Amino acid sequence: MDTIMEATKVSFSYDEAPEAPLVLDDISLTVRQGEFLAVLGHNGSGKSTLAKHFNAILLPQKGRVVVGGMDTADEEKLYDIRQTVGMVFQNPDNQIVATIVEEDVAFALENMGVPPAEIRRRVDDALRSVGMYEYREHAPHQLSGGQKQRIAIAGIIAMRPRCIVLDEPTAMLDPRGRAEVMKTLRELNREHGITIALITHYMDEAAQCDRVVVVDRGKLLMDGLPREVFSRVEELKAVGLDVPQVTELMHSLRRAGLPVREDIITEEECAEELCRLLGKGGTA
Amino acid sequence: MIKDITIGQYFPGRSPVHRLDPRVKILLALGYIVLLFIAQNAWGLALGVVLGFGAYVISQIPLVMILKSLKPVVPIIIFTAVLNMLFVDGEALWQWWIIKITREGIHTAVFMAVRIICLIAGTSLLTYTTSPIALTDGIERLMNPLKRFHFPVHELAMMMTIALRFIPTLIEETDKIMSAQKARGADLETGGLMQRARALIPILIPLFVSSFRRADELALAMECRCYRGGEGRTRMKQLHMGPGDFAACGIILACIAGVVALNLLLP
């Protein structure tokens, strides 16, 4: 698979002073086209700062970030970079610009100078792919949090980016809104081949991804499949992160001396494993 | 309670008046104002009244709305009417001490009152039948030629759009802050004017702080969507002049011509 985003030995600090603490400390990360990546980290771990490096909102002080073959430090490519990597933020209310849903989705395309007929087609496509086509003439404030966040995603999709970086898009949503957004993201990833980088601190969301990266104090701590990363329960807890509830359960059972697998991250697997365990106990 | 505030008093509908191009509607409203001001006699003004009334009927806006739009200007209408009645010279109908009411005075008073009523009712029809977003769009396109003189047309329209977008959000937020302050024992409903004004401070400050934060985040989100000002921007929705628009323009021009003719024929 092709590399879509690559950070090489990136260091960054919000304070220019040399002794200021580094928010990103010599971090390297490669994301391949088509991946569904979760970036996990505690508050202040630098995960949002890292995200902002991928579409040139922030530029690395040391090291280099390359997106779709373009260096983010290259100012002439700024708008190409932002079209390649779209960014969705935490609060859906603060990223919707227009008073009508379809006008908001069209905003990026209008900025890019796309002809009107083409805008119309792309806006309809984008709204359909997030399942919000019927709401195209609504006002944003009539929608729920999850719906607003899907509109924000549609506004990015309309640019036809190769990758979307989402900075805690579900943090302000209720459980239903979170489920809606996650479902939308999975579909975009699977059906449209869009690379997704999801910054989150919800473990159950990270468990649904293909790959999990854990960031702590500006450094890359772990990188691997969800079940690999989550089986390192003690290490995760040491950096202030939780593990999915089922993994936690399995970990406790194992510590209590029961022979269970530790790389379990979904409820189905957990139920299966428990049945197996109980079945064995019953026959013995 | 606070949520009931509506902005722009727009009545959604599909009448021929609603469907007019917003640019044309703004120009029609201006034309109507011109017509009212050049009318010099009762016949000309009557034409204006008929035209305005007809537009209301076609637009299917309830006629009660005319009265509602007039409510804030009633004092002005009464004030000008009284002044005209008292200070216009002419044949005295009734006199007491230095107060004198003349035939010409009454005539002018009624004339002016009808003119103001038509003015307010006519321009209100514009906001009743045009959504704020369409109105903003119309204004932006009408002012487009001013760009040549470095007038920030696009920026102005963008500010209006964002203001319209955030009014409901901020109203909701105000409601939340008020509840939060009430829960901490803030008293917003009793006391004198000064006391109540002071009670608003703990509501306004958090509202301001959060508005600045919102502005910051919105600016970032706009940049991420390649916003770089009005230069090279296209629009999804194009405005088109239809036969209805030309017909409406024709009617208003004919009426203005009619008023001019009436002015000349019936001095």
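**Salt bridges, cysteines and the contact between chains A and B**

Q: Is D71(A) buried, partly exposed or exposed?
A: In this predicted model, D71(A) has a relative accessibility of 24%. Buried residues fall under 20% and exposed ones over 50%. D71(A) therefore counts as partly exposed.

Q: With which residue does D71(A) form a salt bridge?
A: The closest N and O atoms of the pair are 2.8 Å apart, and a salt bridge requires a distance within 4 Å. The partner is partly exposed, with a relative accessible area of 44%. This partner of D71(A) is R64(A).

Q: How many residues apart in sequence are the parts tied together by E173(B) and R214(B)?
A: The side chains of E173(B) and R214(B) meet in a salt bridge of 2.8 Å, N to O, and both residues are buried. E173(B) belongs to helix α7 (residues 153–183) of chain B and R214(B) to helix α8 of chain B, so the pair joins parts whose separation in sequence is 41 residues.

Q: Which residue of the salt bridge between R32(A) and E35(A) is buried?
A: The two side chains meet at 3.2 Å, N to O. R32(A) has 33% relative accessibility and is partly exposed. With a relative accessible area of 6%, under the 20% limit, the buried residue is E35(A).

Q: How many salt bridges are counted between chain A and chain B?
A: Side chains of opposite charge can pair when their charged atoms come close. One example across the two chains is K237(B) with E103(A), where the closest N and O atoms are 3.4 Å apart. Both residues also belong to a network of salt bridges that includes R120(A), D124(A), D137(B) and R233(B). Between chain A and chain B, the count of salt bridges is eight.

Q: Which helix supplies the largest share of the side of chain A that touches chain B?
A: The contact takes 39 residues from chain A and 28 residues from chain B, and 17 residue pairs across the interface are in polar contact. On the chain A side, α2 (78–84), α3 (101–112), α4 (116–129) and α5 (145–157) each supply at least two residues. The largest share, 11 residues, comes from α3(A).

Q: What area is buried between chain A and chain B?
A: By class, the side of chain A that touches chain B has 21 nonpolar, 10 polar and eight charged residues. Carbon and sulfur atoms give 57% of the buried area. The area itself is about 3100 Å².

Q: To which residue does the backbone oxygen lying 2.4 Å from a polar atom of the side chain of R225(B) belong?
A: R225(B) lies in the loop between α8 (193–224) and α9 (243–265) of chain B. It is buried, with a relative accessible area of 3%. Among the residues that R225(B) touches are Q95(A), V97(A), F107(A) and M159(A). The backbone oxygen at 2.4 Å belongs to D104(A).

Q: How many disulfides does the structure hold?
A: A disulfide requires two cysteine sulfur atoms within 2.5 Å. The sulfur of C255(B) is not bonded to that of C118(B), the closest cysteine sulfur, because the distance of 12 Å is too far. Over all chains, the number of disulfides is zero.

Q: Which cysteine has the sulfur nearest to that of C224(B)?
A: C224(B) is buried, with a relative accessible area of 1%. It is in no disulfide, and the nearest cysteine sulfur is 8.6 Å away. That sulfur belongs to C226(B).

How values were computed. Residues numbered from 1 in each chain as written. Chains lettered and ligands numbered in written order. Predicted model: local features only at pLDDT ≥ 70, side-chain atom pairs only at ≥ 80, totals over all residues. Heavy atoms only, no water. Contact = heavy atoms within 4.5 Å. Buried area = accessible area lost by both parts, 1.4 Å probe. Polar contact = N/O pair within 3.5 Å; in protein donor to acceptor, adjacent residues only side chain to side chain. Helix = DSSP H or I, 4+ residues; strand = E, 2+ residues; numbered from the N terminus. Nonpolar A, V, L, I, M, F, W, Y, C, P; charged D, E, K, R; others polar. Buried < 20%, exposed > 50% of the residue type's maximum accessible area, 1.4 Å probe, protein only. Lists of a residue's contacts leave out its neighbours within four places in sequence.
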